[in-house]
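The following exercises concern the surface and the interior of one protein model. Please examine the sequence and the structure before reading the worked solutions.

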Amino acid sequence: WSRAGTTLSISKKGSGLADVLDPCIEAFLETESYYTICEKYGLTSDCFVNDFFPESAASVTPTYNLKTSELTSDCSSGYCKCPM
């Protein structure tokens, strides 16, 4: 099972593990404990925002999480706009 590219468990396809884990993970993502863990490990800007995150956390998207078509940099940051 993975969420946004992060593997949380490995099981045989069709084992039903996702049916067990999905509700638990979805519920945890909505808790204050989830926010606390994100803060503790300095991952707040990478976490899924819930009601316990400050409003400012929802409005700032790190450059590396933007689509290339949304970038405004000149490549000096290491992130280049998609030439379309």
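## Exercise 1: A surface patch

In this predicted model, F28, I37, Y41 and L43 together form a nonpolar surface patch with about 390 Å² of accessible area. Locate F28 and classify its accessibility.

Solution.
- Step 1. F28 belongs to helix α1, which covers residues 17-28.
- Step 2. The relative accessibility of F28 is 35%.
- Step 3. Partly exposed residues lie between the buried class, under 20%, and the exposed class, over 50%; F28 is therefore partly exposed.

## Exercise 2: The nonpolar core

Determine which residues make up the largest nonpolar core, and which helix gives the most to this core.

Solution.
- Step 1. The largest nonpolar core consists of seven residues: I25, L29, Y34, Y35, C38, C47 and F53.
- Step 2. Helix α2 (residues 32-40) gives the most to this core, namely three residues.

## Exercise 3: The setting of N50

Decide whether N50 is buried or exposed, and describe the polar partners of its side chain.

Solution.
- Step 1. N50 is placed in the loop between α2 and α3 (55-59).
- Step 2. Because its relative accessible area is 6%, N50 counts as buried, the limit for that class being under 20%.
- Step 3. The N50 side chain reaches the backbone oxygen of L29 at 2.8 Å.
- Step 4. A polar atom of the N50 side chain also lies 2.7 Å from the backbone nitrogen of F52.
- Step 5. With neighbours within four places in sequence left aside, N50 is in contact with L29, E30, T31, Y34 and Y35. Among these, L29, Y34 and Y35 are also members of the largest nonpolar core.

Key:
Residues numbered from 1 in each chain as written. Predicted model: local features only at pLDDT ≥ 70, side-chain atom pairs only at ≥ 80, totals over all residues. Heavy atoms only, no water. Patch = residues over 30% accessible without salt bridge, like charges linked within 9 Å, V, L, I, M, F, W, Y side chains within 5 Å. Areas by Shrake-Rupley, 256 points an atom, 1.4 Å probe, with all protein chains shown as cover. Salt bridge = Lys/Arg side-chain N within 4 Å of Asp/Glu carboxyl O. Helix = DSSP H or I, 4+ residues; strand = E, 2+ residues; numbered from the N terminus. Buried < 20%, exposed > 50% of the residue type's maximum accessible area, 1.4 Å probe, protein only. Core = buried A, V, L, I, M, F, W, Y, C linked by side-chain atoms within 4.5 Å. Polar contact = N/O pair within 3.5 Å; in protein donor to acceptor, adjacent residues only side chain to side chain. Contact = heavy atoms within 4.5 Å.
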